[in-house]
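Dear colleague,

I am passing the structure below on to you, and after it you will find my notes on what turned up when I went through it. Please read them with the coordinates open beside you.

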Amino acid sequence: MGRQVILRFLRRILFLLLIAFSSQRFFAQTETSQMVLPKRIFVGDTAELHYTFNSNVDFFPNEETLDEKPLIFEKLPFDFDNENFTLQKAVIQKNGLLYTVVLTFTPWKVGILDFPQIDLLSAVFGSTNSVPFLIDPKPIEISSIITKDEDSSLRGIKGPLLFPGTIYAIYAAIVLFVVILIFILHTILKWQEISAKFRQKKTLRMYAKNARNALRQFRKLEKNSLRINDVAFCLAVQQIFRYYLTVRFGRKFDALSTEQISAAFEELTAGTMSDFLRENVSSVQEIFRRADYIRFAHGSLDAKREPAQIYAAELQPDERTTMIANSRTIIKAFETGGENA
């Protein structure tokens with residue numbers, strides 16, 4: 001009787017051992033591998049640990065459409081934010097019978113970082129099993145930003161971190177700035193063009209007003225011609241012409257002698273005076289020479305020479321009318337360039 005009890009006890013122990021051995025074989029891992037990205041990790045970097053293994057355990061039951069899901073942070077054997085590292089993300093990925101646990105983290109200390117063993121059954125399903133499914137990542141070396149073998153050289157500067165979508169706002173701001181800049185430049189150029197046209201029109205109005213004033217003075221002189229003598233008449237013609245030329249060409253003509261008028265126009269045109277302008281300047285000088293002779297040869301011996309129509313220091317009949325008519329023609333020629341003069 002006692003022998004049978006002992007035999008039953010031994011069979012039960014053997015059965016439990018067989019179950020435990022079978023369970024361990026069922027949960028066993030084979031063909032494990034580990035990879036870290038980047039290969040060299042510095043303090044403060046964001047890194048990834050990829051732990052890949054082959055197992056018959058189905059970590060995605062009735063989830064055929066999924067190939068990745070997160071691990072439960074609360075079931076991990078460490079605080080996700082501690083003095084050694086900060087765990088940002090933890091997932092398990094499926095590819096057939098291959099599984100990969102991906103831990104995304106930021107290390108805070110130089111040296112060896114060794115993650116504790118992780119019970120995947122608990123981290124995936126949240127339940128505690130009598131036979132855990134453990135994975136044990138290999139230790140990882142964390143380097144200092146400045147190392148001795150790099151001769152204290154700093155790493156390259158990274159670009160600023162941006163919120164999602166921020167880059168598009170920056171591009172839009174750049175485009176808007178360029179558009180505004182083009183608009184401002186266009187406005188400045190347009191304003192300069194408008195200002196130039198305005199100044200040109202203002203100058204043309206001044207020329208037209210000056211010409212009208214000269215012609216009005218000649219009409220007034222013609223109307224009062226019989227009331228003044230030849231000397232006063234010739235002086236008035238010269239004064240009207242000198243004022244007109246001064247305003248029209250921006251050069252003082254009131255202090256120039258008759259013979260200096262041509263030289264003044266040569267200077268104004270830098271020696272490029274056209275035949276049209278030279279002809280009209282010559283006509284002005286011809287009027288001035290006649291007026292000078294009337295003014296300054298009056299009573300002289302030369303004025304008594306014959307023929308009188310050439311040497312007499314007095315205006316011949318209808319000469320006043322001719323002088324005013326010629327003056328009007330010259331002014332109109334200056335204003336129109338010879339057209340409709």
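**Helix packing, a small sheet and a pocket**

In this predicted model, helix 3 meets helix 8 through Tyr207, Ala208, Ala211, Ala214, Leu215, Phe218, Arg219, Leu221 and Glu222, which touch Thr321, Ile324, Ser327, Arg328, Ile331, Lys332 and Glu335 on the helix 8 side. By class, the residues of this contact comprise nine nonpolar, two polar and five charged. Helix 3 spans residues 166–223 and helix 8 residues 319–336, and the two pack at an angle of about 175° with their axes 10 Å apart; since angles over 145 degrees count as roughly antiparallel, the two helices are therefore roughly antiparallel to each other.

Helix 8 also takes part in the largest pocket, whose volume is about 210 Å³. Six residues of the lining, the largest share, come from helix 8, and helix 6 (275–296) likewise supplies at least two. Among the lining residues are Asn280, Glu286, Arg290, Glu319, Met323 and Asn326, and the lining as a whole has three nonpolar, five polar and three charged residues.

Elsewhere there is an open sheet of three strands, in the order 2-10-7 and with mixed pairing. Strand 2 (41–42) and strand 7 (111–113) stand at its edges with a single partner strand each, so one side of each is left without a neighbour in the sheet. Strand 2 pairs with strand 10 (residues 140–143) in the parallel sense over two bridges, and Ile41 has Ile142 of strand 10 as its bridge partner.

With best wishes

Note on methods: Residues are numbered from 1 along each chain as its sequence is written. This is a predicted model: local features need pLDDT of at least 70, side-chain atom pairs count only at pLDDT 80 or more; totals for chains, interfaces and linings use all residues. Side-chain values use heavy atoms; hydrogens and water are left out. Axes are lines fitted to C-alpha atoms, for helices over the stretch in contact, and angles run from 0 to 180 degrees between N-to-C directions. Helices (H or I, at least four residues) and strands (E, at least two) are DSSP runs, numbered from the N terminus. Angles under 35 degrees count as roughly parallel, over 145 as roughly antiparallel, 65 to 115 as roughly perpendicular and the rest as oblique. Contact means heavy atoms within 4.5 Å. Ala, Val, Leu, Ile, Met, Phe, Trp, Tyr, Cys and Pro count as nonpolar, Asp, Glu, Lys and Arg as charged, and the others, Gly among them, as polar. Two strands pair if DSSP finds at least two bridges between them. On a 1 Å grid over the protein atoms alone, a cavity is a set of points where a 1.4 Å probe fits but cannot get out, and a pocket is an open set with protein on both sides within 12 Å along at least five of seven lines; lining residues have an atom within 4 Å of a point. Grid points are joined across faces, edges and corners, and a volume is the space filled by probe spheres set on the points.
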